[in-house]
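Please look through the model below with its ligand in view, beginning with the backbone and moving from there to the binding site. The reading that follows takes these topics in turn.

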Amino acid sequence: MIELYYWTTPNGHKITIFLEEVGLPYTIIPVNIGAGEQFKPEFLKISPNNRIPAIVDTEPTTGGEPISVFESGAILLYLAEKTGQLIPQDLRPRVEVLQWLFWQMGGLGPMAGQNHHFSQYAPEKIEYAINRYVKETGRLYAVLDKRLADREFVAGDYSIADIAIYPWIVPYERQGQNLADYPNLQRWFETIKARPATIRAYERAEAFKNQTLDLEKSRELLFNQSANTVQR
Ligand SMILES: N[C@@H](CCC(=O)N[C@@H](CS)C(=O)NCC(=O)O)C(=O)O
C-alpha cells in the first residue's frame with residue numbers, strides 16, 4: 001500500500017495521476033497546507049522540507065521497513081521503478097525521460113510557481129516580477145511546444161515526464177499563457193486531459209476542496225516562511 005500525503009496542488013496531482021495510471025493501491029492522507037498541517041511533527045518526519053507530496057511505501061519490493069519519499073520527482077521515479085511502468089528500462093529512452101522530468105522539476109515547476117505567486121498571491125503587484133515569470137513561463141512553454149512538434153509525448157511513450165509536466169500546464173490561464181499560441185503543446189495537453197487516469201486523479205481532488213480557510217492566516221503560513229520556521 002502507498003500512503004500518499006497530499007494536497008490539491010500541481011505537485012500533489014502528479015502522484016495521483018501516476019497512481020491512477022498504474023492502478024497501485026493507495027490511500028490519501030490529506031495535508032492541508034493552507035491550515036499549516038505541513039508543519040505537524042509526524043509529517044516533517046517523512047517530509048523535512050514541509051512540502052507535499054510525500055509517500056510511505058508500506059511494502060517495499062525488497063521487503064523490510066516502510067520507505068518514505070519526499071519531492072515529487074523522486075516519488076515518481078521511485079514508483080516508476082517499483083512498478084516497472086511509465087519509465088523505459090533501456091539507457092537511451094530512459095535518459096530522455098529523466099531529462100524532461102528534471103526539466104520540469106528544476107524549471108517549469110519553480111518558474112510557474114513564482115509566476116503564480118507574483119501574479120495571484122503577492123500583496124502588491126510588482127510589475128518587474130510578474131513580467132519576469134510570465135515571460136519565463138512562456139519561454140518554457142515554447143521549449144515544450146517545439147519538443148512536441150514531431151512526437152506524441154515528451155520522451156517516447158507516455159511517461160513520468162509527461163505526468164510531471166501536465167499539472168503545471170493545467171493553470172495556464174493563471175500563468176498568463178494562451179495555449180492556442182502553442183499548438184503542439186495544446187494537442188498534447190488535450191490528449192493527457194482525456195486519459196481516464198487523469199480524469200480520476202482530478203476527481204479525487206474534489207473531495208478536499210471547499211475547505212473554509214482564513215486566507216490571511218494561510219498567506220502568513222505559506223508566504224512568510226524563513227529559517228525560523230524550520231528552527232523553531
Ligand atoms: N519540489 C517540491 C515542491 C513541493 C511544493 O512546493 N509543495 C507545495 C505545494 S505544491 C507545498 O507543500 N507547500 C507548503 C508550504 O509552502 O509550506 C516537489 O516537487 O515535491
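Proline 53 is found in the loop that runs between helix 2 (41-46) and strand 3 (54-57), and the peptide bond leading into this proline from isoleucine 52 is cis, with omega near 0°. A second backbone feature belongs to glutamate 71, which is placed in the loop between strand 4 (67-70) and helix 3 (72-83) and has a positive phi of about 80° although it is not a glycine. Both features deserve a second look because most residues other than glycine have a negative phi, and most peptide bonds are trans.

Since this is a predicted model, the confidence values belong beside these details. The mean pLDDT of the protein is 97, with 100% of its residues reaching 70 or more; confidence is lowest in helix 9 (residues 215-223), at a mean of 92, and highest in helix 6 (residues 160-169), at 99.

Where does the ligand sit? The ligand occupies the largest pocket, where 13 residues surround it, the closest being Gln38, Ile52, Glu71, Ser72 and Gln225. Isoleucine 52, from which the cis peptide bond leads to proline 53, is thus met again among the closest residues, as is glutamate 71, the residue with the positive phi. By residue type, the shell around the ligand divides into 5 nonpolar, 6 polar and 2 charged.

Polar side-chain atoms of three residues can be followed to the ligand: that of glutamate 71 lies 2.8 Å from a ligand nitrogen atom, that of arginine 51 lies 3.1 Å from a ligand oxygen atom, and that of asparagine 50 lies 3.4 Å from a ligand oxygen atom. Of the 520 Å² of accessible area that the ligand has on its own, the protein covers 83%.

Notes
Residues numbered from 1 in each chain as written. Heavy atoms only, no water. Near = heavy atom within 4 Å. Polar contact = N/O pair within 3.5 Å; in protein donor to acceptor, adjacent residues only side chain to side chain. Areas by Shrake-Rupley, 256 points an atom, 1.4 Å probe, with all protein chains shown as cover. 1 Å grid on protein atoms, 1.4 Å probe; cavity = no way out; pocket = protein on both sides within 12 Å on 5 of 7 lines; lining within 4 Å. Sits in = over half its atoms within 2 Å of the grid points. Nonpolar A, V, L, I, M, F, W, Y, C, P; charged D, E, K, R; others polar. pLDDT = per-residue confidence, 0-100. Helix = DSSP H or I, 4+ residues; strand = E, 2+ residues; numbered from the N terminus.
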